[in-house]
Amino acid sequence: MRILIHEEYDSLSKWIAYYVARKINLNGSSPDNPFVLGLPTGSSPLGTYEELIRLNKAGKVSFQNVVTFNMDEYVGLPEDHPESYHYFMEENFFKHIDIPRKNINILDGNAPDLEKECEEFEKKIGEAGGIHLFMGGIGVDGHLAFNEPGSSMTSKTRIKTLTLDTRIANSRFFDNDISKVPETALTVGLGTIMSAEEVLIIINGYKKARALFHVVELGINHMWTGSMLQLHQHGIIVCDDEATMELKVGTVKYFKEIERHHLENLPELSS
Ligand code: GLP
């Protein structure tokens, strides 16, 4: 896997936004051949979304022919609840860009039949031709989407019970009241993410250092689900210096050296 270590969050966010915009532009602009993008919520991608919005407004990238699939959604929160992932995506990204509404796919955590909702989501990804680029963040316990420790590495979209760790971590968005954090969520599976042509994971800040260490320096292990990236043909981690605190000095030096050129230059927006 590739690991790009930026000095700080702003340059990491800008770099990822240019990387995504470049991929969209390279795919061309035909409704018959949309670029299929997997998207996360959380604080990690916020800077990337801001930069993508700027690029869209500046006419450097268009989302007219982009189809999106979000990773996850809480079960039972109304869509207009400020902490629902529907609301998050609308406020932080979709309402600011030129994406057609019909191209947006987010799991419905209030569907009458949640299992059917998950099956249909997988079907829709298949009908769209699969995901070209799945972007994600990571939990402090190394989870991708809501694939908590112990998740099957081949799992598909399904209902998951959230761990206490995750509910405590996410309670900061719910008045620090863990009882307000839903106990279950719908999430794409690790197998769903692995089926994407490319997977890019954003890992920033000291609190993610342990997760980065497990994902990069230890073996593939279902207790740190992000480690499955080691098996992906095109896995990229984009992190900041803070997140590398638990890595060996040699590991950091190695990846900084081999990615030097890419770290010094933003991805070109056109070929
Ligand atoms: C939640 C989401 C994950 C996200 C994680 C980390 O649990 N389901 O997709 O990666 O939080 O969030 P943050 O980026 O805010 O640290």
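Reader: How far is an oxygen atom of the ligand from a polar backbone atom of Ile138?
Author: The model is predicted. A polar contact needs N or O atoms within 3.5 Å. The pair formed by a ligand oxygen and a polar backbone atom of Ile138 stands at 3.2 Å.

Reader: Which residue has a side-chain N or O atom 2.7 Å from an oxygen atom of the ligand?
Author: The closest residues around the ligand include Ser44, Asp72, His143 and Lys208. Ser43 is also one of the closest. The side chain that places an N or O atom 2.7 Å from a ligand oxygen belongs to Ser43.

Reader: Which residue has a polar side-chain atom 3.0 Å from an oxygen atom of the ligand?
Author: Here the partner on the protein is a polar side-chain atom, and the partner on the ligand is an oxygen. The distance is 3.0 Å, and the residue is Arg172.

Reader: How much of the ligand's exposed area does the protein bury?
Author: Take the ligand alone to begin with. It then exposes 390 Å². Of that area, the protein buries 95%.

Reader: How many residues of the shell around the ligand are charged?
Author: The shell holds 13 residues. Four are nonpolar and six are polar. The charged ones number three.

Reader: What is the volume of the pocket that the ligand takes up?
Author: The ligand occupies the largest pocket. Its lining counts 33 residues. Thr41, Gly42, Ser43, Tyr85 and Asn170 are the closest to its centre. The space in this pocket is about 610 Å³.

Reader: Which element supplies the largest share of the lining of the largest pocket?
Author: Strand E4 (72–74), helix H3 (85–92) and helix H5 (164–170) each give at least two residues. The largest share is five residues, and it comes from H3.

Reader: How many nonpolar residues are in the lining of the largest pocket?
Author: Sort the lining by class. Polar residues number 10, and charged residues eight. The nonpolar count is 15.

Reader: Which helix gives the largest share of the lining of the second largest pocket?
Author: This pocket has a volume of about 190 Å³. Among its lining residues are Trp15, Tyr19, His261 and His262. Helix H1 (9–27) and helix H9 (260–264) each supply at least two residues. The largest share, four residues, is from H1.

Notes: Residues are numbered from 1 along each chain as its sequence is written. This is a predicted model: local features need pLDDT of at least 70, side-chain atom pairs count only at pLDDT 80 or more; totals for chains, interfaces and linings use all residues. Side-chain values use heavy atoms; hydrogens and water are left out. A residue is near a molecule or strand if one of its heavy atoms lies within 4 Å of it. A polar contact is a pair of N or O atoms within 3.5 Å; within protein, one must be able to donate a hydrogen and the other to accept it, and residues adjacent in sequence count only if both atoms are side-chain atoms. Accessible areas come from the Shrake-Rupley method with a 1.4 Å probe; for residues, only the protein chains shown count as cover. On a 1 Å grid over the protein atoms alone, a cavity is a set of points where a 1.4 Å probe fits but cannot get out, and a pocket is an open set with protein on both sides within 12 Å along at least five of seven lines; lining residues have an atom within 4 Å of a point. A molecule sits in a cavity or pocket if more than half of its atoms lie within 2 Å of its grid points. Ala, Val, Leu, Ile, Met, Phe, Trp, Tyr, Cys and Pro count as nonpolar, Asp, Glu, Lys and Arg as charged, and the others, Gly among them, as polar. Grid points are joined across faces, edges and corners, and a volume is the space filled by probe spheres set on the points.
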